[in-house]
Amino acid sequence: PGIVLVAINPYELLPIYEQDVIYAYSGQNMGDMDPHIFAVAEEAYKQMARDEKNQSIIVSGESGAGKTVSAKYAMRFFATVGGSASETNIEAKVLASSPIMEAIGNAKTTRNDNSSRFGKYIQIGFDKKYHIVGANMRTYLLEKSRVVFQAEDERNYHIFYQLCASSSLPEFKDLGLSK
């Protein structure tokens, strides 16, 4: 049992995720300020430092709900309060995915043209001074049913269309793709 934050993706950039807002939430107690992803991140960061125990933030929601963006904001918070934002650009490094992985795991849905079918487990390592020293991201494929079925008005995985578009290339001859 822990804190639950319900966030809504406004589908536009708002000035509530900027650097000054990070500093406003840093060091605050939960409930002293408005509910925010930075408040959740601050609470996890404080408990990690105080109790010296691993913390988890679970970001869940439907396609297009803004899960990846929320995860980026939490990582930006950790990088900023941990003093490593300027030197590492941690969020970009952790979330960087190769185009091949994106093609394999992304599909168009009725709510999101580039919906990730991957679940992501992001592990961030901190040193004794609570600075980020590294991170890794594990991915696992979700909704495997989309491989053989797709809802009306949805597309299959992007890789399917990329393979079909490349079917005339000699290296794809052995794959049995045809026009």
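Two rings of Phe, Tyr or Trp count as a pair here when their centres lie within 6.5 Å. Keep that cut-off in mind as you explore this predicted model.

**Stop 1: the ring cluster**

Start by selecting Tyr-17, Tyr-25, Phe-38, Tyr-45, Tyr-73, Phe-77, Phe-78 and Phe-126, and show their side chains. Ring pairs link these residues into a cluster. Across the model, the count of aromatic pairs comes to nine.

Now zoom in on Tyr-17 and Phe-38. Their rings form an edge-to-face pair, with 6.1 Å from centre to centre and 90° between the planes. Tyr-17 lies in the segment before α1 (19-25) and Phe-38 in helix α2 (residues 37-51), so this pair ties together parts that are 21 residues apart in sequence. Switch on the surface and look for Phe-38: this residue is buried, with a relative accessible area of 0%.

Keep Tyr-17 on screen and add Tyr-73. How are the rings of Tyr-17 and Tyr-73 arranged? Their centres are 3.8 Å apart and their planes are at 5°, so the pair is stacked. Tyr-73 belongs to helix α3 while Tyr-17 sits in the segment before α1, so here the pair ties together parts 56 residues apart in sequence. Tyr-73 is buried too, with a relative accessible area of 10%.

**Stop 2: along helix α3**

Tyr-73 leads you into helix α3, so colour residues 67-81 next. Try a distance between the end C-alpha atoms: they are 21 Å apart, which agrees with the 21 Å that the 15 residues of α3 should span at 1.5 Å a residue.

Which residues of α3 are buried? Select Ser-70, Ala-71, Tyr-73, Ala-74, Met-75, Phe-77, Phe-78, Ala-79 and Thr-80 to see them. Tyr-73, Phe-77 and Phe-78 will look familiar, as they are among the members of the ring cluster. Just after the helix, click on Gly-83, which takes a positive phi of about 75°.

**Stop 3: the annotated binding site**

Go back to the beginning of α3 and select Gly-61, Glu-62, Ser-63, Gly-64, Ala-65, Gly-66, Lys-67 and Thr-68. An unreviewed UniProt entry places the feature "binding site" at these positions.

Two of these residues, Lys-67 and Thr-68, are found in helix α3. Lys-67 is partly exposed, with a relative accessible area of 29%, and Thr-68 is partly exposed as well, at 35%. Show what surrounds Lys-67: leaving aside its neighbours within four places in sequence, Lys-67 is in contact with Val-59, Ser-60, Gly-61 and Glu-62. Gly-61 and Glu-62 also belong to the positions that UniProt lists for the site.

**Stop 4: two loop residues with positive phi**

Most residues other than glycine have a negative phi. With that in mind, visit two loops.

Select Glu-52, in the loop between α2 and α3. Its phi is near 50°, a positive value in a residue other than glycine. Is Glu-52 buried or exposed? At 61% relative accessibility, Glu-52 counts as exposed, since the cut-off for that label is over 50%.

Then move to Tyr-130, in the loop between β3 (118-126) and β4 (132-141). The phi of Tyr-130 is also positive, near 65°. This tyrosine is partly exposed, with a relative accessible area of 23%.

**Stop 5: a charge over a ring**

Finish with Arg-155 and Tyr-161, side chains shown. The charged end of Arg-155 sits over the ring of Tyr-161, 4.3 Å from the ring's centre.

Key:
Residues are numbered from 1 along each chain as its sequence is written. This is a predicted model: local features need pLDDT of at least 70, side-chain atom pairs count only at pLDDT 80 or more; totals for chains, interfaces and linings use all residues. Side-chain values use heavy atoms; hydrogens and water are left out. UniProt positions are given in the numbering used here, feature names are shortened, and annotations may be inferred rather than shown by experiment. Helices (H or I, at least four residues) and strands (E, at least two) are DSSP runs, numbered from the N terminus. Buried means under 20% relative accessible area, exposed over 50%, partly exposed in between (1.4 Å probe, protein chains only). Contact means heavy atoms within 4.5 Å. Rings of Phe, Tyr and Trp (its six-membered ring) pair if their centres lie within 6.5 Å; planes under 30 degrees apart count as stacked, over 60 as edge-to-face and the rest as tilted. A charge sits over a ring if NZ of Lys or CZ of Arg is within 6 Å of the ring centre and within 35 degrees of the ring normal. The expected span of a helix is 1.5 Å times one less than its number of residues.
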